[in-house]
Amino acid sequence: MKEKQRLVVIGTGMAGGRFVEELTERDGREHFDIVVFGEEPHGNYNRILLSSVVAGSHDVKDIFLNSVEWYGKNRITLHAGVRVEAIDRNRNIVLGANGIQEHYDRLVFATGSKPFVP
């Protein structure tokens, strides 16, 4: 049997969460050990509905897409609340703010973007 590669995903926003969901649904776990870094201390959620939570028309629990428990059930290592500080491309290592280091064979950036107002 072929040895699994290690895939590290940086970002637990909607794009990162959906990528990991799709990979899992397509039997990606057979090919990859998946590790995810997310700066926020929980799983991913629908940020579009966040203003509805603030307005009171949605409950917080309604906007979560994948909980911390979901990652565990799918054998995905989630470093929730861990900001990525650096990437050592020579050694293929992602360095987290709290000293966590994860080796990668493949690396996906799903960190979103910053709005720009002209």
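Okay, so a salt bridge here is a side-chain nitrogen of Lys or Arg within 4 Å of a carboxyl oxygen of Asp or Glu. Keep that in mind as we look at this structure, which is a predicted model.

By that rule, the count comes to eight salt bridges. Let's start in helix H1, residues 14–25. The side chains of Glu21 and Arg18 meet at 2.7 Å, N to O. They're three residues apart in the helix, so about one helical turn separates them. Glu21 is buried, at 17% relative accessible area, because buried means under 20%. Arg18 is partly exposed, at 40%.

Then there's Glu22, which forms a salt bridge with Arg26, with the closest N and O atoms 2.5 Å apart. Arg26 is exposed, at 62%, while Glu22 is partly exposed, at 23%. Put Arg18, Glu21, Glu22, Glu25 and Arg26 together and you have a network of salt bridges.

So what does helix H1 pack on? On the sheet, where the helix touches strands E1, E2 and E9. That sheet is open, with four parallel strands in the order E5-E2-E1-E9. E5 and E9 stand at the edges with a single partner each, so one side of each has no neighbour in the sheet. On average, neighbouring strands are turned by 15° against each other, ignoring direction.

One more salt bridge, this time from strand E1: Arg6 meets Glu102 of strand E8, at 2.4 Å, N to O. The two are 96 residues apart, so this pair links distant parts of the chain. Glu102 counts as buried, at 10%, and Arg6 is partly exposed, at 27%.

Definitions and conventions: Residues are numbered from 1 along each chain as its sequence is written. This is a predicted model: local features need pLDDT of at least 70, side-chain atom pairs count only at pLDDT 80 or more; totals for chains, interfaces and linings use all residues. Side-chain values use heavy atoms; hydrogens and water are left out. Two strands pair if DSSP finds at least two bridges between them. Axes are lines fitted to C-alpha atoms, for helices over the stretch in contact, and angles run from 0 to 180 degrees between N-to-C directions. Contact means heavy atoms within 4.5 Å. Buried means under 20% relative accessible area, exposed over 50%, partly exposed in between (1.4 Å probe, protein chains only).
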